[in-house]
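Me: Could you take a close look at one part of this protein for me? I'd like to hear about the salt bridges and what sits around them.

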Amino acid sequence: MCRFSSLKGLEQYGEDTTAAVLHLIMCAAGSQNEAAFRAASHVGRAMSIANVLRGTPFLCRTGEVRLPKQLLDSHGVDVKDLRAGAAT
């Protein structure tokens, strides 16, 4: 089973977690710049996607797959192969 069914789900996770922390930091620093908050949302989503990609080899070995199922399916990647460490 994959943690995210689609790329949209992974992006929403990034918005709800990493971007939320960046927004909190900006508020604590006194920022009220709307463009900066939008940029922080993009950065938060991008950081979450990068973290999922970076952690994929380790997490797959432990049985956890965080890559979106929709993305894996569209490229013909079987979750079982990822968990087994097989080339896909």
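Reply: Here is a walk through the charged pairs, ending at the loop that hosts one of them. Keep in mind that this is a predicted model.

The structure has four salt bridges. Let's start with glutamate 64 and arginine 3, whose closest N and O atoms are 3.9 Å apart. That just makes it, because the cut-off is 4 Å. Glutamate 64 sits in the loop between α2 and α3, while arginine 3 is in the segment before α1 (7-28), so this pair ties together parts 61 residues apart in sequence. Both ends are partly exposed: glutamate 64 has a relative accessible area of 29% and arginine 3 one of 44%. There's a third partner too, since Arg3, Glu64 and Arg66 are linked in a network of salt bridges.

Next up is glutamate 15 with arginine 45, at 2.8 Å from N to O. This one connects helix α1, home of glutamate 15, to helix α2, home of arginine 45, across 30 residues. Glutamate 15 is partly exposed at 21%, and arginine 45 is partly exposed at 21% as well.

Lysine 69 and aspartate 73 also pair up, with their closest N and O atoms 2.8 Å apart. Here both partners belong to helix α3, four residues or about one turn apart.

Back to the loop between α2 (34-61) and α3 (69-74), which also holds threonine 62. A polar atom of the threonine 62 side chain lies 2.7 Å from the backbone oxygen of leucine 59. The C-alpha of threonine 62 is also 7.5 Å from that of arginine 83, 21 residues away along the chain.

Notes:
Residues are numbered from 1 along each chain as its sequence is written. This is a predicted model: local features need pLDDT of at least 70, side-chain atom pairs count only at pLDDT 80 or more; totals for chains, interfaces and linings use all residues. Side-chain values use heavy atoms; hydrogens and water are left out. Helices (H or I, at least four residues) and strands (E, at least two) are DSSP runs, numbered from the N terminus. A polar contact is a pair of N or O atoms within 3.5 Å; within protein, one must be able to donate a hydrogen and the other to accept it, and residues adjacent in sequence count only if both atoms are side-chain atoms. A salt bridge is a side-chain nitrogen of Lys or Arg within 4 Å of a carboxyl oxygen of Asp or Glu. Buried means under 20% relative accessible area, exposed over 50%, partly exposed in between (1.4 Å probe, protein chains only).
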